[in-house]
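Dear colleague,

I am handing over the structure we spoke about, with the sequence alongside. Below it I have set out what was found in it, and I would be glad if you read the notes with the model open.

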Amino acid sequence: MLYFTEDDVRRLLPMNTAIGLMREVFADLKAGRAQNQPRRRLVTPSGVVLHQLAGATPKYLGTKTYSTSRSGAWFLVTLYSAEDGKPLAMLEANWLGRIRTGAVTGYATDVMARPDARTAGVIGAGFQARSQIEALLAVRRLEQVHVWSRSEERRRALAAEFGEPVEAVATAEEAVRNADIVVTATNAREPVLDSAWVKPGAHVNAIGSNQAKRREIPADLVHRASLIATDSLEQARMESGDLLLSLDEQGWERVLELQNVEVRPHNPGAITIFKSNGLGVEDVAAAGYLFEQGIERRLPLFYS
């Protein structure tokens, strides 16, 4: 087996490549060539939580496991051959998760946002925000990206890391108003923006919450949307608070899986929303690419 460190993953998986991999994943899901198993959680009396999600592509299958506690979070992906089931690689997966989450947002934005989108607003400057901005810049020629978080230090540091066109702003409203593309990347329990701030024609990516009782966007924004998509309806019905707390059963009939979204509505004023939950099959696709890079570059074995 090959072993990939966080540094290996970050070095070998560029954002543009990851976006292409996610495009292939959703094509494979649509064609029935790929499978996804939704996240499961095991909660211990000490408060440590073990999270497990899995998936399979035509060439690979695997499981992502990670533990979370007050001390932090630790991520691993184990990759197997889809042909004979042999173990192929183990990957440290903190950066893998960040990159593939950003890449899915990039793909969804490319499909759902207006082609002439030039401005973006990002709420959050922590765990996931960096790769979100990187993905947006990869799929649209953005002239302005406003970033806000509760921590002034973090939002300023993130803006400084990118430089132009990324700029830290003083309020969430300033980040969102007039933005063609909006990203929420927080751990908030309640909405972090007001529907009135989101202009007609905007595309919104809600990526921070994957728990049924948490949400980043308000119900009235969900109701305004002409097109709502998620990476997996099965998983969204289990853990997507942004949708579960906003939609009744009839409302769920409006939600599409990303694999079935081909073009955004022709109405230039239509609001579109992508609710990301994070799928095991996305991790497997990224891990499969990294395994191939590891073979090509002769990374060290950790056991055989």
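Helix H11, made up of residues 280-297, has 18 residues and spans 25 Å from its first C-alpha to its last, which is close to the 26 Å expected at 1.5 Å a residue. Please keep in mind, here and below, that this is a predicted model. Of the 18 residues of H11, 14 are buried, so the helix is largely enclosed by the rest of the structure. The residue that follows H11 is Arg 298, and its phi is positive, near 60 degrees.

There are two sheets to describe. One is an open sheet of eight strands with parallel pairing, in the order S9-S8-S7-S10-S11-S14-S12-S13. Its edges are strand S9 (166-168) and strand S13 (255-257), each of which has a single partner strand, so one side of each is left without a neighbour in the sheet. On average, and with direction ignored, neighbouring strands of this sheet are turned by 20 degrees against each other. Within the sheet, strand S7 (residues 119-123) and strand S8 (residues 144-148) run parallel and are joined by five bridges, with Ala 120 standing opposite Val 145 in S8.

Two helices can be placed against these strands. Helix H4 (residues 129-139) lies across S7, S8, S9, S10 and S11, and runs at about 170 degrees to S7. Helix H3 (residues 94-112) packs on the sheet as well, where it touches strand S10 (181-184), strand S11 (203-206), strand S12 (227-230) and strand S14 (272-275), and its direction makes about 160 degrees with that of S11.

One residue of this sheet that you may wish to look up is Ile 228, which has its place in strand S12. Is Ile 228 buried or exposed? Its relative accessibility is 1%, and because buried means under 20%, Ile 228 counts as buried. Leaving aside neighbours within four places in sequence, Ile 228 is in contact with Val 222, Leu 243, Arg 254, Val 255, Leu 256 and Ile 273. Ile 228 and Lys 275 are 47 residues apart in sequence, whereas in space their C-alpha atoms are 7.6 Å apart.

The other sheet is also open, and its six strands, in the order S1-S6-S5-S4-S3-S2, have mixed pairing. Strand S1 (2-4) and strand S2 (35-43) stand at its edges with a single partner strand each, so one side of each has no neighbour in the sheet. Here the average turn between neighbouring strands, direction ignored, is 15 degrees. Strand S5 (residues 72-81) pairs with strand S6 (residues 87-92) in the antiparallel sense over five bridges, and Val 77 stands opposite Leu 91 in S6.

Strand S3 (residues 49-56) is mostly covered, since six of its eight residues are buried. S3 pairs with S2 in the antiparallel sense over seven bridges, and with strand S4 (residues 60-69), again in the antiparallel sense, over eight bridges. Ala 54 in S3 can be followed in both directions, being the bridge partner of Gln 37 and having Thr 63 in S4 as a bridge partner. The hairpin of S2 and S3 has five residues between the strands, and in that hairpin Gly 47 takes a positive phi near 95 degrees, while the hairpin of S3 and S4 has three residues between its strands.

Gln 235, placed in helix H8 (residues 233-239), is buried, with a relative accessible area of 0%. Its side chain is joined to that of Asn 36 by a polar contact of 3.5 Å. Not counting residues up to four places away in sequence, Gln 235 touches Asn 36, Gln 37, Pro 38, Arg 39, Ser 240, Asn 277, Gly 278 and Leu 279.

Lastly, the nonpolar interior. The largest nonpolar core has 50 residues, and those with the most contacts inside it are Phe 4, Leu 79, Leu 91 and Met 112. H3 supplies the largest share of this core, with nine residues. Apart from this core lies another, of 28 residues, including Ile 123, Ala 172, Leu 247 and Ile 271. Met 112 is in contact with residues that include His 203, Leu 227, Ala 229, Ile 273 and Phe 274, when neighbours within four places in sequence are left aside.

With best regards

How values were computed
Residues numbered from 1 in each chain as written. Predicted model: local features only at pLDDT ≥ 70, side-chain atom pairs only at ≥ 80, totals over all residues. Heavy atoms only, no water. Pairing = 2+ DSSP bridges. Helix = DSSP H or I, 4+ residues; strand = E, 2+ residues; numbered from the N terminus. Axes fitted to C-alpha atoms, helices over the stretch in contact; angles between N-to-C directions. Contact = heavy atoms within 4.5 Å. Expected span 1.5 Å × (residues − 1). Buried < 20%, exposed > 50% of the residue type's maximum accessible area, 1.4 Å probe, protein only. Core = buried A, V, L, I, M, F, W, Y, C linked by side-chain atoms within 4.5 Å. Polar contact = N/O pair within 3.5 Å; in protein donor to acceptor, adjacent residues only side chain to side chain.
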